Amino acid sequence: MNSFEKVFFKSKVIGKLSSSNLNELKSTLQNIESGKNKLRSKITLATKALKSAESELNWINWLPIKFLFKEKIILKEKNILIFKAELDTLKSEYEKHQLGLDISLTDRLEAAFGTLDDKFSEIMSTQKVWDVTTSQRIDRVIERTTANNSIERKSVALKRSDNSKILCDYKALYFENANGGDLNIFPQFIFVEHNNDFALIDILDIDIHYTLVSFIESESVPTDTEVVDHTWAKTNKNGDRDKRFADNYQIPVVQYGELHFISKSGINEVYMFSNPEPAFAFKKMFDEYKQVLAKS
């Protein structure tokens with residue numbers, strides 16, 4: 001590989017990400033989704049039939065000679081009641097077509113997940129979170145910079161999330177993904193969905209690596225970030241200001257924390273945090289949670 005080749009931080013296609021021990025659960029979810037899709041189609045048809053019948057009845061009732069259509073009106077009123085009952089039944093069936101997971105956690109595991117959730121609250125409060133999508137080494141001489149890499153990143157959101165496919169007593173720890181399926185961390189697996197497909201990855205199959213990085217910040221510096229140094233937009237080989245550029249200016253060097261989610265199946269996502277300490281605390285607690293989960 002060329003040392004200056006761009007590296008992409010992007011997970012494999014969804015169909016290849018699931019852990020083998022969760023294939024049965026995925027199959028169950030797929031069957032439920034298939035049933036929901038069929039019910040959605042039936043609900044759409046039933047709704048159209050009901051609206052059509054109501055429209056026809058309203059039109060007849062509007063006529064000055066509606067008394068001539070008395071039997072027809074009675075029949076349409078009966079049909080409307082039947083359509084409404086059918087529609088209510090379909091909607092009720094649709095609500096039932098969600099997977100209610102009976103996730104039973106030991107007291108120790110529940111306490112550990114609670115602590116992981118607390119650490120997630122701390123990284124949620126980080127002022128800036130980015131999804132790093134690419135990284136590329138820089139020829140520092142040609143570019144006249146002290147930076148080692150050029151990265152592409154996008155600001156993303158963290159939150160606690162409910163999922164329409166999975167019903168349980170625990171909200172997922174949600175990491176938005178700029179170039180693929182969002183990561184939803186449940187107590188026993190990570191749920192990823194993208195392009196009408198989804199994957200379930202065992203928590204034990206996931207590793208999170210933490211890196212403290214020095215970053216030359218060309219954008220505004222978040223208030224929870226430590227500025228550790230300054231450099232110049234254009235520099236000499238030794239890092240001093242290149243005086244050939246009249247409009248040369250200083251740029252702050254800051255410290256960010258990075259979390260790299262990886263798995264053997266192909267998870268490959270990097271998140272950058274403006275405050276590195278909560279990110280490190282989350283990684284540390286995630287490792288501890290995995291140890292507790294492995295013994296449960």
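Reader: Which residue stands opposite Phe175 in β8?

Author: In this predicted model, strand β7 covers residues 172–175 and strand β8 covers residues 182–185, and 3 bridges join the two, which run antiparallel. Within β8, the residue that stands opposite Phe175 is Leu183.

Reader: Which helix packs on the sheet, touching β5, β7 and β8?

Author: The sheet is an open one of 5 strands, placed in the order β5-β7-β8-β9-β10 with antiparallel pairing. The helix that packs on this sheet spans residues 107–124, and its direction makes about 140 degrees with that of β5. Touching β5, β7 and β8, this is helix α3.

Reader: Why is one side of β5 and of β10 left without a neighbour in the sheet?

Author: Strands of a sheet pair through backbone hydrogen bonds, either parallel or antiparallel. In the order β5-β7-β8-β9-β10, β5 (158–161) and β10 (197–202) stand at the edges, so one side of each has no neighbour in the sheet, and each is left with a single partner strand.

Reader: Which helix gives the largest share of the largest nonpolar core?

Author: The largest nonpolar core has 47 residues, and those with the most contacts inside it are Phe175, Phe261, Phe273 and Phe282. Its largest share is 7 residues, and these come from the helix at residues 276–295, which is α5.

Reader: How many residues make up the second, separate core?

Author: Phe273, one of the residues with the most contacts inside the largest core, touches residues including Ile123, Trp130, Leu158 and Phe175. The second core is separate from that one and includes Leu39, Leu57, Ile80 and Leu87, and its size is 11 residues.

Terms used
Residues numbered from 1 in each chain as written. Predicted model: local features only at pLDDT ≥ 70, side-chain atom pairs only at ≥ 80, totals over all residues. Heavy atoms only, no water. Core = buried A, V, L, I, M, F, W, Y, C linked by side-chain atoms within 4.5 Å. Buried < 20%, exposed > 50% of the residue type's maximum accessible area, 1.4 Å probe, protein only. Helix = DSSP H or I, 4+ residues; strand = E, 2+ residues; numbered from the N terminus. Contact = heavy atoms within 4.5 Å. Pairing = 2+ DSSP bridges. Axes fitted to C-alpha atoms, helices over the stretch in contact; angles between N-to-C directions. Lists of a residue's contacts leave out its neighbours within four places in sequence.
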